[in-house]
Structure formats: structure tokens, C-alpha cells
Amino acid sequence: MAATFAAPSTVIGLGGSSVSPIKAKALSSSFIKPTLRARNPLKVAGASGGRVTCFERNWLRRDLNVVGFGLIGWLAPSSIPAINGKSLTGLFFDSIGTELAHFPTPPALTSQFWLWLITWHLGLFICLTFGQIGFKGRTEDYFEK
């Protein structure tokens, strides 16, 4: 089938004239060097398997000590009864129970649940972040410099 398209064919209505196929000709010039494959200037042979990396492979340097101490470090202050005689953790867990009482229905946007949820988790993530910075900074002698 491909041979029929490559062969000259007769166009109906032109009185038997034939149309010849167009042949692609490679253009060359003495002013232009032959084309070479472009190379990435950032790629250094042998560095990290030929891949370009901006960070260390293990940039997170995850440690379960940080998670454990960070959770304890947040649960302790958030369990102090400082909000009308109740703790932030207690208020958050009470609001979870209140919202689960009418389970298939989601919490209303005006529910106190959202305030306690965001506040409690924001404090937890801040505590975990500072714990990661402090714990890893100390183990890698960052603060000794």
C-alpha cells in the first residue's frame, strides 16, 4: 500500500498528466557546523548518577525521635486548662465528640470544631517544625559554629 503512494500517480481531470513525488533533500552549508546533540551544561558526569539535584537525596533526614518528642512537646502545653478552665486539647476532643453525635451530617461552618481543629494542628505542626530544626541542628553541630 505504501508503494502505491510513493509511485507517480495520474490525477483525474488533468488529461493524463502525472504528479511526481517530492523528494526531501538534506540542506548543507559550509558556514554551519553539522548539527550536534545539545548537551546540558548543568549535568556533570558521575555526579548523583548523571542527574542534576539541588538538595541532598535525604533532605528530610526523618527521625522518629522528633515526631515523638514533638507530639509530647505539644500535648503538654495544649493540655493546660487555660481557656475558661478547659485545655485546647480537651476542647478539640470534645468538639470531635459533639460533631460525631450527628455523624452523617458534616460540621457547620460556624461550628467551634473548625477553630479548635486549625488551632490545635497549627500548634502541632509548628512544634514539629521547630523540633526538627532543633534536634537535627544539635545532632549535626549546627549551633556549635
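In this predicted model, serine 78 makes contacts with Ser87, Leu88, Thr89 and Trp120, leaving aside residues up to four places away in sequence. The residue sits in helix H2, which covers residues 64–78. With a relative accessibility of just 3%, serine 78 falls under the 20% cut-off and so counts as buried. One of its partners, tryptophan 120, is buried too, at 8% relative accessible area.

Serine 78 has company on its helix: the buried residues of H2 are Val66, Gly70, Trp74 and Ser78. These residues take up an arc of only 75 degrees around the axis, which means that they lie on the same side of H2. The general rule behind this sort of pattern is simple: an α-helix has 3.6 residues a turn, so residues three or four places apart point the same way. As for what they face, the buried residues of H2 pack against H3 and H4. Turn to the face of H2 that points away from the buried side, and the exposed residues there are Leu64, Phe69 and Ile72. The length of H2 holds no surprises either. Its 15 residues should span 21 Å at 1.5 Å a residue, and the end C-alpha atoms are indeed 21 Å apart.

H3 can be looked at in much the same way. Its 13 residues should span 18 Å at 1.5 Å a residue, and this agrees with the 18 Å between its end C-alpha atoms. Buried along H3 are Leu88, Thr89, Leu91, Phe92, Ser95 and Glu99. Viewed down the axis of H3, these buried residues fall within an arc of 165 degrees, so they line one face of the helix. H2 and H4 are among the elements that cover them. Thr98 and Leu100 are exposed, on the face of H3 turned away from its buried side.

The aromatic side chains come next. Across the whole structure, a search turns up five aromatic pairs. In one of them, the ring centres of phenylalanine 92 and phenylalanine 113 are 6.3 Å apart with the planes at 20 degrees; that angle is under 30 degrees, so the pair is stacked. This pair links distant parts of the chain, with phenylalanine 92 in helix H3 (residues 88–100) and phenylalanine 113 in helix H4 (residues 112–139), 21 residues apart. Both phenylalanine 92 and phenylalanine 113 are buried. Phenylalanine 93 and tryptophan 120 make another aromatic pair, this one tilted, with 6.4 Å from centre to centre and 45 degrees between the planes. Since phenylalanine 93 lies in helix H3 and tryptophan 120 in helix H4, the pair ties together parts 27 residues apart in sequence. The two partners are not alike in burial: phenylalanine 93 is partly exposed, at 47% relative accessible area, whereas tryptophan 120 is buried, at 8%. Phe92, Phe93, Phe113, Trp114 and Trp120 together form one aromatic cluster.

Several of these rings turn up again in the nonpolar packing. Eight residues make up the largest nonpolar core, namely Trp74, Leu88, Leu91, Phe92, Phe113, Trp116, Trp120 and Leu124. At least two residues of this core come from each of H3 and H4, and H4 gives the largest share, with four. Leucine 124, one of the core residues, touches Leu71 and Trp74 once residues up to four places away in sequence are set aside.

The UniProt record, an unreviewed entry, places the feature "transmembrane region" at residues 64–83 and 113–135. In the model, residues 64–83 are 75% helix and 0% strand, and the end C-alpha atoms of this span lie 31 Å apart. Residues 113–135 are 100% helix and 0% strand, with 32 Å between the end C-alpha atoms.

Stepping back to the whole protein chain, there are four helices and two strands, arranged along the sequence as α-β-β-α-α-α. Of the 145 residues in the chain, 13% are buried. Among contacts with a separation of 6 or more, 45% are between residues 24 or more positions apart.

Note on methods: Residues are numbered from 1 along each chain as its sequence is written. This is a predicted model: local features need pLDDT of at least 70, side-chain atom pairs count only at pLDDT 80 or more; totals for chains, interfaces and linings use all residues. Side-chain values use heavy atoms; hydrogens and water are left out. Buried means under 20% relative accessible area, exposed over 50%, partly exposed in between (1.4 Å probe, protein chains only). Contact means heavy atoms within 4.5 Å. Rings of Phe, Tyr and Trp (its six-membered ring) pair if their centres lie within 6.5 Å; planes under 30 degrees apart count as stacked, over 60 as edge-to-face and the rest as tilted. A nonpolar core is a set of buried Ala, Val, Leu, Ile, Met, Phe, Trp, Tyr and Cys residues joined through side-chain atoms within 4.5 Å. UniProt positions are given in the numbering used here, feature names are shortened, and annotations may be inferred rather than shown by experiment. The expected span of a helix is 1.5 Å times one less than its number of residues. The arc is that of the directions from the helix axis to the C-beta atoms.
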